[in-house]
Amino acid sequence: MLSAVYGTLLTPSMVSKWSEDEDGKCKLCEERMGNIQHILAGCKVALSQGMYRWRHDKVLKQISEQVVFHCDRRVNKAGDGRQFIDFVPAGRRKAERIAESHEYKLYRYSGLQAEIQAKGWCCYNAAVEVGARGVVAQSLERAARRIGFRGRELKKLVRDSRKEAAHCSRWIYLLSGRKEWEFRKVGA
Ligand SMILES: [Zn+2]
């Protein structure tokens with residue numbers, strides 16, 4: 001449903017098909033065609049302005065809060081040992097290149113995982129992906145199941161993460177016509 005919604009959004013690239021005044025280029029970088037894929041995940045200016053990072057961190061915060069809540073209530077109180085949930089802090093790759101970045105994230109944190117395990121902690125290294133248009137890759141559901149998310153709690157996590165990504169992408173789209181963008185810290 002979300003892609004259908006995005007498909008109807010006006011982009012420079014779309015407008016250029018019927019208007020001669022519009023060259024179709026992205027208004028931020030003025031280099032590439034301003035289609036929705038470019039605006040939401042492929043623009044180097046948007047990237048350098050911190051837009052994609054902002055969305056990444058907002059989604060991560062959503063996931064992390066629910067995981068912390070889950071661990072506190074379900075895992076720690078159940079008394080089956082300590083848990084450590086690890087997240088990848090920076091989305092440096094294009095959000096849509098999910099399979100490739102998944103391997104990269106796992107690799108990036110394998111050293112940290114070994115270190116934590118050496119100290120006697122139970123540690124899962126799970127890379128999770130939520131696409132720019134709110135598409136939740138199975139990795140999130142899989143990782144959540146692994147640490148005990150079930151039923152309503154699991155549905156809520158997936159739904160809220162998807163909503164947050166879509167909400168942030170909407171702002172990225174709305175701001176794609178202007179150059180000024182103030183980087184806001186998550187939670188600020
Ligand atoms: Zn651009």
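I started at Cys43, which is buried, with a relative accessible area of 1%. For the record, buried means under 20% relative accessible area, exposed means over 50%, and partly exposed is in between, using a 1.4 Å probe and protein chains only.

**Ground rules.** I'm working with a predicted model, where local features need pLDDT of at least 70, side-chain atom pairs count only at pLDDT 80 or more, and totals for chains, interfaces and linings use all residues. Residues are numbered from 1 along each chain as its sequence is written, and side-chain values use heavy atoms, with hydrogens and water left out.

**Zinc.** What coordinates the zinc ion? I found Cys26 (SG), Cys29 (SG), His38 (NE2) and Cys43 (SG), at 2.1 to 2.3 Å. Donors here are N, O and S atoms within 2.8 Å of the metal (3.2 Å for Na, K and Ca); water is not among the atoms, so sites may look incomplete. I looked up the angles among the 4 donor atoms: they run from 104 to 121°, and the site is tetrahedral. Four donors earn that word if all angles lie between 85 and 135 degrees. Along the sequence, I read the donor spacing as C-x2-C-x8-H-x4-C. I also checked two more of the donor residues for burial: Cys29 is buried at 11% relative accessible area, and His38 is buried at 7%.

**Disulfides.** How many disulfides are in the whole structure? My search gave 0. A disulfide is a pair of cysteine sulfur atoms within 2.5 Å. I tried Cys123: the closest cysteine sulfur, in Cys122, is 7.5 Å from its own, so that is too far for a bond. Cys123 is also buried, at 7% relative accessible area.

**Cores.** A nonpolar core is a set of buried Ala, Val, Leu, Ile, Met, Phe, Trp, Tyr and Cys residues joined through side-chain atoms within 4.5 Å. The largest one I found has 18 residues, and Cys43 turns up again among those with the most contacts inside it, along with Leu28, Leu40, Ala46, Met51, Tyr52 and Ile172. Helices H3 (36-42), H4 (44-48), H5 (51-76) and H9 (151-174) each give two or more residues to this core. Helices (H or I, at least four residues) and strands (E, at least two) are DSSP runs, numbered from the N terminus. I also noted a second, separate core of 16 residues, including Ile63, Val67, Leu140 and Leu154. Back at Ala46, I see it touching Leu28, Met51 and Tyr52, leaving aside residues up to four places away in sequence. Contact means heavy atoms within 4.5 Å.

**Two single residues.** Glu30 caught my eye: its phi is positive, about 55°, although it is not a glycine. Most residues other than glycine have a negative phi. Glu30 lies in the loop between helix H2 (12-15) and H3, and counts as exposed at 54% relative accessibility. Asp160 lies in helix H9. Buried or exposed for Asp160? Buried, at 11% relative accessibility, and it touches Gln62 and Gln66, again not counting residues up to four places away in sequence.

**Whole chain.** I counted 9 helices and 2 strands. Buried residues make up 43% of the 188 residues.

**Confidence.** pLDDT is the predictor's confidence in each residue, from 0 to 100. The chain's mean is 81, and 78% of its residues reach 70 or more. Over residues 91-95 it stays under 50. Where pLDDT is low, the predicted coordinates should not be read in detail.

Definitions and conventions. Tetrahedral: all angles 85-135°; square planar, octahedral: opposite > 155°, others 65-115°.
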